[in-house]
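Biologist: I'm new to reading protein models, and I'd love a close look at one single part, with the words explained along the way. Could you choose a helix and walk me through what packs against it?

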Amino acid sequence: MNIEIGTKIKQLRLGCGMTQEQLGNELSVSAQAVSKWESGTTTPDIQLLPELSVIFGVSIDELFSMTDESRMERIENMIDNVHFISDKIFSESENFLKEKAKDENKKARASLLLAELYSKRIEEYKELASELGRNALLLNPDEKRAHNVIFDADNGPYSDYNATNHVKTIDFYKEFLENHPENPRTYLWLMDLLLADGRTAEAKEYLWKMDKIEHSFRTDLYLGLIAQAECDLPKALEHWDHMTKEFDNWLSWSCKGDLYARLSRFDEAIEFYEHALEIQEPPRYMDIPESMSFVAEALGNYEKAIEYRKKAIEICETDWNITEGEWVDIHKREIERLLKKMK
């Protein structure tokens, strides 16, 4: 699909007598970005499509002549790689996916993408709500509702059981597992919910069911989480030590870093994260340096936090060949935020 789109852009550009630099200037992107589109290395950001169609005097559909499958792929990429989706593009994508969800052959993927699109919009509005709630609180320090907005937007830890329990979602997953008992990953989602609600006995029951299907580092991971929830931290640490001894891989060490970070044992967490990143084979994920950055920030070491964010950008470029878009921009925004904190 990338090659077809790139070929079409090149044809239209040459037809208009434009250079790559001229087209880039019209779109506020570099000539190198245009070159990558035309070679099929990358595709234009979905937000640029209306501008491209105006410049070339064609409709968006004419510009790309996209199949339903290609359009769904484009929406999927947009959800992953665009910070804020414009209302126009959101509405167009929503209507398209609603229509395709009526087609039995495309219903499953269209429904999932529509759910992800709505989830993306929720996260966008949460980011806006968080900033506005903070501003409102600064303007009126006694405004309780501002705290509620901030907590809702930032997933703050409420203590009220009626506001924080997962009873309905737990019931859904229990029923799901009755019909799909051989799906090991689903047990993880259910156990997370049970532990969040303090239902450790049930979590242990489902853990052993999962272990019979697939024995992995996750057995000791969750045995430790259950012990921790039951206030037996020494036992939890024993399980997590055994986890990395029996399964010496990057994922077990990364999880151990997460666990120690939540215990505020930050130095050890960094040590485990660094080891995980060292033994992880390319293409590596950005989760580890991102977590390390948050740990460094919690320690007040903003320079180190910025260093880890730069490491995440480096991984984007070297391991995934991604040099622009939300995967990179999110770390650039965090670096800018950290620089302001340093001042």
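Modeller: Happily, and let's start with a word we'll need: a crossing is left-handed if the near helix is turned anticlockwise from the far one by less than a right angle, and right-handed if the near helix is turned clockwise.

Please keep in mind that this is a predicted model, in which local features need pLDDT of at least 70 and side-chain atom pairs count only at pLDDT 80 or more, while totals for chains, interfaces and linings use all residues. Residues are numbered from 1 along each chain as its sequence is written, and side-chain values use heavy atoms, with hydrogens and water left out.

First, the setting. The chain contains 20 helices and zero strands (helices are DSSP runs of H or I with at least four residues, strands are runs of E with at least two, and the numbering starts at the N terminus). Its C-alpha trace spans about 70 × 55 × 50 Å along the principal axes. Of the 343 residues, 39% count as buried (buried means under 20% relative accessible area, exposed over 50%, and partly exposed in between, using a 1.4 Å probe and protein chains only). If we take the contacts between residues at least 6 apart in sequence, 53% of them join residues at least 24 apart (a contact means heavy atoms within 4.5 Å).

Now to our helix, α16, which covers residues 250-262. Two packed helices are described by the angle between their axes and the distance between the axes. We can do that for α16 and each of two partners, α14 and α17.

Let's take α14, residues 217-229, to begin with. The axes of α14 and α16 are 10 Å apart and make an angle of about 10 degrees (axes are lines fitted to C-alpha atoms, for helices over the stretch in contact, and angles run from 0 to 180 degrees between N-to-C directions). The two helices are therefore roughly parallel (the word covers angles under 35 degrees; over 145 is roughly antiparallel, 65 to 115 roughly perpendicular, and the rest oblique). The crossing of α14 past α16 is right-handed. On the α14 side, F217, R218, L221 and L225 make the contact, and they meet L251, S252, C255 and L259 of α16. Sorted by class, this contact has six nonpolar residues, one polar and one charged (Ala, Val, Leu, Ile, Met, Phe, Trp, Tyr, Cys and Pro count as nonpolar, Asp, Glu, Lys and Arg as charged, and the others, Gly among them, as polar).

Next comes α17, residues 266-279. Here the axes come within 8 Å of each other and cross at roughly 165 degrees, which means that α16 is roughly antiparallel to α17. This time α16 passes its partner in a left-handed crossing. From α16, the contact uses W250, W253, S254, K256, G257, D258, Y260 and A261; from α17, it uses F266, E268, A269, F272, Y273, H275, A276 and I279. The class tally for α16 with α17 is ten nonpolar, three polar and three charged residues.

Now look at the loop between α16 and α17, where you will find S264. Most residues other than glycine have a negative phi, and most peptide bonds are trans. S264 has a positive phi near 65 degrees, though it is not glycine. It counts as partly exposed because its relative accessibility is 49%.

C231 also has a positive phi, of about 70 degrees, without being a glycine. C231 sits in the loop between α14 and α15, the latter being residues 233-246. With a relative accessible area of 74%, C231 is exposed.

Past α17 there is one more detail to spot: the peptide bond from P282 to P283 is cis, with omega near 0 degrees. P283 belongs to the loop between α17 and α18.

Finally, a sense of distance. W250 of α16, one of the residues touching α17, lies 30 Å from F176, C-alpha to C-alpha, and the two are 74 residues apart in sequence. F176 is in helix α11, residues 167-179, and is partly exposed at 28% relative accessibility. Leaving aside residues up to four places away in sequence, F176 touches N183 and T186.
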